[in-house]
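Student: Can we look at this one together? I keep hearing structural terms, and I'd like to know what earns each name.

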Amino acid sequence: MKTLIANTTIVALKDLQSNRLKDSYVEHPADLKYQAVEKAVLKEGLLYPIRVDKKTMTVITGNQRCWFAKKHGYTHISVEYIEWKQLY
């Protein structure tokens, strides 16, 4: 049997670097526009993994999804690692 799976890893939110994951983060009024997205994620689940810089564990895409996860008591999230190459 041949299985097709995404190249993702389950990572603890506490191990990720994102301003929205800091305990001091307060929901900003602009975050209200994401309520429909938040409801969809809660209903349908996480359809796409977040992307994280493998070296620094910094969230590249998916800060909002990380915040939703933390806000709703989740401890882990599906991650796709990205290796950033600095451009000079």
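Tutor: Sure, start with β1 and β4: four bridges join them, and they run antiparallel. A12 stands opposite H76 in β4. Bear in mind that this is a predicted model, where local features need pLDDT of at least 70, side-chain atom pairs count only at pLDDT 80 or more, and totals for chains, interfaces and linings use all residues. Residues are numbered from 1 along each chain as its sequence is written, and side-chain values use heavy atoms, with hydrogens and water left out.

Student: What makes β1 and β4 a pair?

Tutor: Two strands (DSSP E runs of at least two residues, numbered from the N terminus) pair if DSSP finds at least two bridges between them. β1 and β4 have four, so they qualify.

Student: How do you know that β2 and β3 pair, and in which sense?

Tutor: Strand β2, residues 50-53, has two bridges to β3, so the cut-off is just met. The sense is antiparallel, and V52 stands opposite V59 in β3. The two strands form a hairpin with five residues between them. In that turn, M57 has a positive phi of about 60°.

Student: Why is the pairing in the whole sheet called mixed?

Tutor: β2 and β4 pair in the parallel sense, over four bridges, while β1 with β4 is antiparallel. In the parallel pair, R51 stands opposite E80 in β4. Altogether, this is an open sheet of four strands in the order β1-β4-β2-β3.

Student: What makes β1 and β3 edge strands?

Tutor: β1 (9-12) and β3 (59-61) each have a single partner strand, so one side of each lacks a neighbour in the sheet. From one strand to the next, the twist averages 55° (axes are lines fitted to C-alpha atoms, for helices over the stretch in contact, with angles from 0 to 180 degrees between N-to-C directions).

Student: Which helix packs on the sheet, and what does it touch?

Tutor: That's α2, residues 63-71 (a helix is a DSSP H or I run of at least four residues). α2 touches β2, β3 and β4 (76-82), contact being heavy atoms within 4.5 Å. The direction of α2 makes about 115° with that of β3.

Student: Why is D23 with K70 called a salt bridge?

Tutor: The name needs a side-chain nitrogen of Lys or Arg within 4 Å of a carboxyl oxygen of Asp or Glu. The closest N and O atoms of D23 and K70 are 2.9 Å apart, so the pair passes. D23 lies in the loop between β1 and α1 and K70 in helix α2, so parts 47 residues apart in sequence are tied together. The whole structure has five salt bridges.
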